[in-house]
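The exercises below concern the sheet, the core and the aromatic rings of one chain. Work through each task before reading its solution.

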Amino acid sequence: NFITADFSQFDIFTTYLTQFGMKNVENKLMKEARPTARIAADFFQLPTWKATTHLDTIYLYEVKKNRK
């Protein structure tokens, strides 16, 4: 359950959620993920983050490039 998980201890995340779920995980990553963490999202993108790169329906993100 990603809502109760402590994201601060991980460097790599993979997601396969609905668009609604992606907004929730995006907020949690913004608050808890390490600046060096990377995320691979399949099909649905993180709503407000800019992907570092993508191939077909796989989007790759870096926390430090999206944290404000």
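Two strands pair if DSSP finds at least two bridges between them; strands (E, at least two residues) and helices (H or I, at least four) are DSSP runs, numbered from the N terminus. This is a predicted model, in which local features need pLDDT of at least 70 and side-chain atom pairs count only at pLDDT 80 or more, while totals for chains, interfaces and linings use all residues. Residues are numbered from 1 along each chain as its sequence is written, and side-chain values use heavy atoms, with hydrogens and water left out.

**Exercise 1. The sheet**

Give the strand order of the sheet and state which strands stand at its edges.

Solution. Step 1: the sheet is open, has 4 strands in the order 1-2-4-3, and its pairing is mixed. Step 2: strand 1 (12–15) and strand 3 (53–55) each have a single partner strand, so they stand at the edges and one side of each lacks a neighbour in the sheet. Step 3: from one strand to the next the twist averages 15° (axes are lines fitted to C-alpha atoms, for helices over the stretch in contact, and angles run from 0 to 180 degrees between N-to-C directions).

**Exercise 2. Strands 1 and 2**

Describe how strand 1 is joined to strand 2, and sort the residues of strand 2 by face.

Solution. Step 1: the two strands run parallel and are joined by 4 bridges. Step 2: Ile12 is opposite Arg38 of strand 2, and Thr14 is opposite Ala40 of that strand. Step 3: in a regular strand the side chains alternate between the two faces of the sheet. Step 4: in strand 2, Ile39 and Ala41 make up the covered face, and Arg38, Ala40 and Asp42 the uncovered one.

**Exercise 3. Thr15**

Is Thr15 buried or exposed, and what is it in contact with?

Solution. Step 1: Thr15 belongs to strand 1. Step 2: its relative accessible area is 10%, so Thr15 is buried (buried means under 20%, exposed over 50%, partly exposed in between; 1.4 Å probe, protein chains only). Step 3: beyond its neighbours within four places in sequence, Thr15 is in contact (heavy atoms within 4.5 Å) with Met22, Val25, Ile39, Ala40, Ala41 and Asp42.

**Exercise 4. The core**

Find the elements that supply the largest nonpolar core, and list the contacts of Ile39.

Solution. Step 1: a nonpolar core is a set of buried Ala, Val, Leu, Ile, Met, Phe, Trp, Tyr and Cys residues joined through side-chain atoms within 4.5 Å. Step 2: the largest has 14 residues, and Phe13, Leu29, Ile39, Leu46, Trp49 and Tyr61 have the most contacts inside it. Step 3: helix 1 (19–32), strand 2 (38–42) and strand 4 (58–62) each supply at least two residues of this core, and helix 1 gives the most, with 3 residues. Step 4: outside its neighbours within four places in sequence, Ile39 is in contact with Phe13, Thr15, Leu29, Leu46, Trp49, Tyr59, Leu60, Tyr61 and Val63.

**Exercise 5. Aromatic pairs**

Count the aromatic pairs and describe the one formed by Trp49 and Tyr61.

Solution. Step 1: rings of Phe, Tyr and Trp (its six-membered ring) pair if their centres lie within 6.5 Å; planes under 30 degrees apart count as stacked, over 60 as edge-to-face and the rest as tilted. Step 2: this rule gives 4 aromatic pairs. Step 3: Phe10 and Phe13 are edge-to-face, 6.3 Å centre to centre with 75° between the planes. Step 4: Trp49 and Tyr61 are also edge-to-face, at 6.2 Å and 70°. Step 5: Trp49 is in the loop between strand 2 and strand 3 and Tyr61 is in strand 4, so their pair ties together parts 12 residues apart in sequence.
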